[in-house]
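Here is a short set of exercises to work through with the model open in your viewer. Try each task before you read its solution.

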Amino acid sequence: MQKLMSIKPECIAVSVKFPYNTIMEINDLPEDLPLDLLRRVVARESDVSVNEAKLYFNGGEIKSGVSPKRLFKGINGIPEIECRFNSSSKATKVHLGERVCKYSSTDEITLYIHKGEEKNKDTQPDYLDLHLDSTKQKNVLHVIEIEWMNNGKKKPFLGGYRRKMDGAIYHNATAQTKPKLPKIPPVPFFTRDTQTYEVKHEEINTVEVSSTAMPKPGFFVTNLNDRVITPGVYESFEEYQARLNRSAIIIQKWVRRWLAKRRVARLKQLLQEYNDFISQKERKYLQDKIDRVNQEYERRANPRNHYDIDRLFKALEEWRLKELDKIHHNSEDIVILKARMALLLDKETEFIKMITEKQNKLSECGRMLKDKWPLEKASLPMQWISSKKAINLEAFTPAILKARDLFVLYENLRMDCLTKTERLDLLLTVKKFAGSYPSKVSCDLIDLIERETEFMLRGIPPSMLAGLRQRVLLSFVGLCKNSEFNPAIAKFLPIPDKKIPNSRAQMWSDIYKCISCGRFLRSRAFYFGSRSSTVKMCKFCWRQSNRGIRRLDLEPYKRILQDLRDSESEILIKTQRDNAIKMRQLQLLALDRAVEEQIRRRETHDDTPVDVNTLLNLEGELPQLDIEKMTNHFELMVDISDIYYLVSDVWDGKSAFSGCSDLDVLKLCRWNVRQPWAPWNTILLTKKEADLHMELKDIPSNALYSDTLLERIQQKFVIGRNAFKMLCKVGKYLIKEPFESTGLKPEDENLYLQPPEIVIPFIKGEKRMSDYGIDTLKEIWDLSEIEFKNEKYHRKLDKQNV
């Protein structure tokens, strides 16, 4: 036991010893207070009354009112006090651990209770001390010494048997001997050998002269415990064999019944899971349809972008066509027809006016967001990832701090809930900022601020100052977009700063002219499809022309494009995951081979050193993940106009299988699942049909679909390949660089020919071949020569690449 030293000036350290080798150490016991308080603490910790606990020192009981300073006077070291109870079982209620308890009304002490060191392994003492308190003679200690013999240690029963006649217990050999230590192999095993152990059976024969359990002259064996066994009915071998057969038949019958019930239960479980899966899919499709209808009504009532406005114009066009059809069918007189068409035109004008009002509100919100976006971007801090700790770091430059202050002022100027005093303070702050940069814009802003301040001081209501405050806000935005006043906004402006080198050249290299409005705009203001070769009309002019003439809604085609990109990314991720699983399986196989090799070397006593890395070498066996064979990224090169052409012109806006024309449930997917997606390897199906088609990728298409359907799909592929020649490796509209790099000749560009004009109506479905007595297109269009040229050219190109 370590000696404790007092840490307070008027305290001492004391050790209290309980029965059953429990010790309480007190390091801060006050030396002037009586030890009766310590007795109360001991009784409280033992959960007994104060009269049942007594303290002894040097064999004598400590009297009441004695202080530690008086009792332990002249003692060096830590005094030990012994605690005794009237009932020794009370000592087991003392809880171990360290805690602080109340000693008196003003003092606290720290208790540390623990078990003492065992001097002997025997838990029972050789002498038992019984302390009896006499009622007649108090404070008289009666000691009675009782000596006993310790019981021998009993063997644990780890297996054996017990004889019923006399109750004798016989232990197995494992209870009498120590088990053998297992041998640890140098290479870890993952087989059944790790669960078993090789043992050798040894035969023990008795000596010839040893006695047996049979009586003989000079050796008596009692027969009191012997039993008399009478023979039963004799059973022949045939009867025994028949009985075994009957028992085997009964066992087989019940086992087969159990196996049949088990198989039926498994089939029922699979059927239930399949039905749950189908019902879950149906609920999902139904819920998607309901959400789509609700979203349709919500977007028509509250449009949020130009796609919603296009949807309103499309709904208006559908309504106009229906009404026009009714007018033509119900009007017999030309006068009534013209009158009804005039009324229809008036209603259409009213609807267009309502849509235009919503469009103006949306344009105003977009204009405000357009002004806010560069200010917000300029106020954000610089961010990067640390190369050492891989954490996100941020930094504020003086220009960013100034841009953040200007953005805060811009947000405050937009607020309408400010009081008169707050608005005046805000205008004063903006005036100070504008005065630090003398320019024409700042002077105009200061004049507007002074005018608003004067009007506010004259008591003009805020509702009459809305226009002036809007002018102040726009003037402040124009000042903030000045790169000399706000340097952080320079890289977010549409027109680059003059101070940036080559900024003008970079800007003019990205400028194109719109053939409709004549404006010079950047490339992001135009639609660049994979089929377009020149820049024609900007997005704004195309949108206005569409709303006035065709009134198309490109939102469904945008969703089809997004679904196509999502499905392609899922295929890529799934392929990478499968490749990782194959790699893990090959690693486990290599590890198994290494274990088998180690076992073989151990059995053959082969001591030749073997390199483990050579056994685990998987460079020649791991599957190579070729991204180019999985995807060619054509889905990222096409845009909404290309998807519109594929869906509407190539596939006629209908599913290739069911003929469904609902664009909300249609989807583009791969025809050959193992080939990358391309306009000539895509098919338009519903979502259900697409999921089923992707699942049946291992079955050939010839075994799934009819020849007529396959021929029609191949015709669509020819149209798609000719329409998207810019995506083909060879084609009519290839640029010069691929010809120069591969050494192609211009005369080789007619490998993919346009179908003859007589064939195009049959391919598009405008005419039926049966009406003209034609069974297949091969009768009027010979494709064998084109296919032969195509294969020949590809062989030549492969040889050049090699």
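**Exercise 1. Work out how strand 1 is enclosed and what it pairs with.**

Step 1. In this predicted model, count the buried residues of strand 1: 7 of its 8 residues are buried, so the strand is largely enclosed by the rest of the structure.

Step 2. Look at its link to strand 2. The two run antiparallel and are joined by 7 bridges, with serine 15 having glutamate 25 as its bridge partner in strand 2.

Step 3. Follow the chain through the turn. Strand 1 and strand 2 make a hairpin with 3 residues between them, and tyrosine 20 in that turn has a positive phi of about 60°.

Step 4. Now turn to strand 5. Strand 1 pairs with it in the parallel sense over 3 bridges, and valine 16 has isoleucine 81 as its bridge partner there.

**Exercise 2. Describe the surroundings of strand 3: which residues are buried on each side, and which strands pair with it?**

Step 1. Start with the count: 5 of the 5 residues of strand 3 are buried.

Step 2. Sort the residues by face. In a regular strand the side chains alternate between the two faces of the sheet. Here Ala53, Leu55 and Phe57 lie on one side, Lys54 and Tyr56 on the other, and all are buried, leaving both faces covered.

Step 3. Pair it with strand 5: the sense is antiparallel, over 4 bridges, and leucine 55 stands opposite cysteine 83.

Step 4. Pair it with strand 4: again the sense is antiparallel, over 2 bridges, and tyrosine 56 has glutamate 61 as its bridge partner. These two strands form a hairpin with 2 residues between them, where asparagine 58 in the turn has a positive phi of about 60°.

**Exercise 3. Assemble the sheet: what is the order of its strands, and which are the edge strands?**

Step 1. Write down the order. The sheet is open, has 7 strands and mixed pairing, and reads 4-3-5-1-2-7-6.

Step 2. Find the ends. Strand 4 (60-61) and strand 6 (97-102) are the edge strands, each pairing on one side only.

Step 3. Check the link between strand 2 (residues 22-30) and strand 7 (residues 108-115). They run antiparallel and share 5 bridges; isoleucine 26 has leucine 111 as its bridge partner in strand 7.

Step 4. Add the helix. Helix 1 (residues 36-46) lies across strands 1, 2, 3, 5, 6 and 7, running at about 125° to strand 6.

**Exercise 4. Decide whether glutamate 296 and glutamate 348 are buried or exposed, and find a polar contact for each.**

Step 1. Apply the cut-off, which is under 20% relative accessible area for a buried residue. Glutamate 296, in helix 3 (residues 237-301), has 18% and is therefore buried. Glutamate 348, in helix 5, has 10% and is therefore buried too.

Step 2. Look for side-chain partners. Glutamate 296 makes a polar contact with the side chain of arginine 300 at 2.8 Å, while a polar contact of 3.0 Å joins the side chains of glutamate 348 and arginine 551.

Step 3. List what else touches glutamate 348. Leaving aside neighbours within four places in sequence, its contacts are Leu316, Trp319, Arg320 and Arg551.

**Exercise 5. Examine helix 6: what is its span, and what do its buried residues pack against?**

Step 1. Compare the lengths. Helix 6 (residues 398-414) has 17 residues and reaches 25 Å from first C-alpha to last, close to the 24 Å expected.

Step 2. Collect the buried residues: Ile400, Ala403, Leu406, Phe407, Leu409, Tyr410 and Leu413. Residues three or four places apart in an α-helix point the same way, because there are 3.6 residues a turn.

Step 3. Name the partners. These buried residues pack against helix 5 (334-378), strand 12 (382-385), strand 13 (392-395), helix 7 (420-435) and helix 9 (466-480).

**Exercise 6. Locate the largest nonpolar core and say which helix gives the most to it.**

Step 1. The largest nonpolar core has 38 residues, and Tyr557, Ile643, Val647, Trp651 and Ile683 have the most contacts inside it.

Step 2. Helix 12 (555-604), helix 16 (640-650), strand 16 (666-670), strand 17 (682-686) and helix 19 (707-723) each supply at least two residues of this core. Helix 16 gives the most, with 7 residues.

Technical notes
Residues are numbered from 1 along each chain as its sequence is written. This is a predicted model: local features need pLDDT of at least 70, side-chain atom pairs count only at pLDDT 80 or more; totals for chains, interfaces and linings use all residues. Side-chain values use heavy atoms; hydrogens and water are left out. Two strands pair if DSSP finds at least two bridges between them. Contact means heavy atoms within 4.5 Å. Axes are lines fitted to C-alpha atoms, for helices over the stretch in contact, and angles run from 0 to 180 degrees between N-to-C directions. Buried means under 20% relative accessible area, exposed over 50%, partly exposed in between (1.4 Å probe, protein chains only). A polar contact is a pair of N or O atoms within 3.5 Å; within protein, one must be able to donate a hydrogen and the other to accept it, and residues adjacent in sequence count only if both atoms are side-chain atoms. The expected span of a helix is 1.5 Å times one less than its number of residues. A nonpolar core is a set of buried Ala, Val, Leu, Ile, Met, Phe, Trp, Tyr and Cys residues joined through side-chain atoms within 4.5 Å.
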